[in-house]
Amino acid sequence: MSAFTLFPAIDMRNGKCVRLVQGDYSKETVYGDSPFDMASLFASEGAEWIHLVDLDGAKEGKKVNDRHVIEIVQKLNLKVEIGGGIRSESDVYDYLSAGVDRVILGSSAVSDPPFVKKMLKEYGERIAIGLDARNGFVSTEGWLETSSLKATELGKELANEGAEVFIFTDIATDGMLSGPNIESTVELAKETGKSVIASGGVSSVADLEALARYHANGVSGAIIGKALYTNQFTLGEAIERMKGK
């Protein structure tokens, strides 16, 4: 089994690095003018992966900040995953053929299951399924809508269709630095039998260590956003502490 992976997050809006609180576009803090510079910083601290989110794309349902993604892919020696507004086969193909390692499909898992199933058949584990949940139910469209579908049910259905990697976000914890929802993350990993990356709420290296205890259960990594931007700890510190987890 590969090591527990840390994914520093860069959320892009209007070409800048921002963080939202619980996905609320009116609660935005800008942390940098250049996604590329931020990715370079994370690379210098030892990042292997970068988790990119196109917030404009998530809201508009199409790629908006893709040139920043491609610049990072082409100029930095990093693995890159990207989510936000990816709704068509050509979007998936464009990103993967440009060198993106993994494309994250979120809202379309609810709104367009045939598309997602087709992409899973075509690209296998280069497609990650982003399951964003509010009280256990899947939220879509940049978290503006909550469906009547349970995250675990959708996870099992898509695991049967070939999904190997899930990114699970508990919206209640996102941007709150309140600690991740470990219970729901582990539940999804157990229910699907697949790899689950935790997202939302990480506030300390201790939170990462707590998640890594479930590595054998399928919790394969964690996305870190606000904690890095507000200097709770550095990526370098976290990587050092997590060695061998």
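Visitor: How many bridges join strand β11 to β12?
Guide: In this predicted model, β11 covers residues 195–199 and runs parallel to β12. One pair in this ladder is Ile197 with its bridge partner Gly221 in β12. The number of bridges joining β11 to β12 is 4.

Visitor: Which helix does the chain pass through from β11 to β12, and what is the handedness of the crossover?
Guide: The connection is a β-α-β crossover from β11 to β12. Its helix spans residues 205–212. The helix is α9, and the crossover is right-handed.

Visitor: Which residue of β12 stands opposite Leu6?
Guide: Strand β1, residues 5–13, also pairs with β12, in the parallel sense and over 4 bridges. Opposite Leu6 in β12 stands Ala222.

Visitor: How many residues of β12 are buried?
Guide: Strand β12 runs over residues 219–224 and is mostly covered. A residue counts as buried when its relative accessible area is under 20%. The count for β12 is 6 of 6.

Visitor: Why are the buried residues of α4 on the same side of the helix, and what arc do they cover?
Guide: Helix α4 spans residues 89–97, and its buried residues are Asp91, Val92, Tyr95 and Leu96. These residues lie on the same side of α4 because the arc they cover around the axis is only 120°.

Visitor: Which elements do the buried residues of α4 pack against?
Guide: The partners include two helices, α3 (66–75) and α6 (113–123). The strands are β5 (79–83), β6 (102–105) and β7 (127–134). The full list is α3, β5, β6, α6 and β7.

Visitor: Which residue with a positive phi follows α4?
Guide: The phi of this residue is near 110°. The residue is Gly99.

Conventions:
Residues numbered from 1 in each chain as written. Predicted model: local features only at pLDDT ≥ 70, side-chain atom pairs only at ≥ 80, totals over all residues. Heavy atoms only, no water. Buried < 20%, exposed > 50% of the residue type's maximum accessible area, 1.4 Å probe, protein only. Arc of directions from axis to C-beta. Contact = heavy atoms within 4.5 Å. Pairing = 2+ DSSP bridges. Right-handed = clockwise from strand over helix to strand, strands pointing away.
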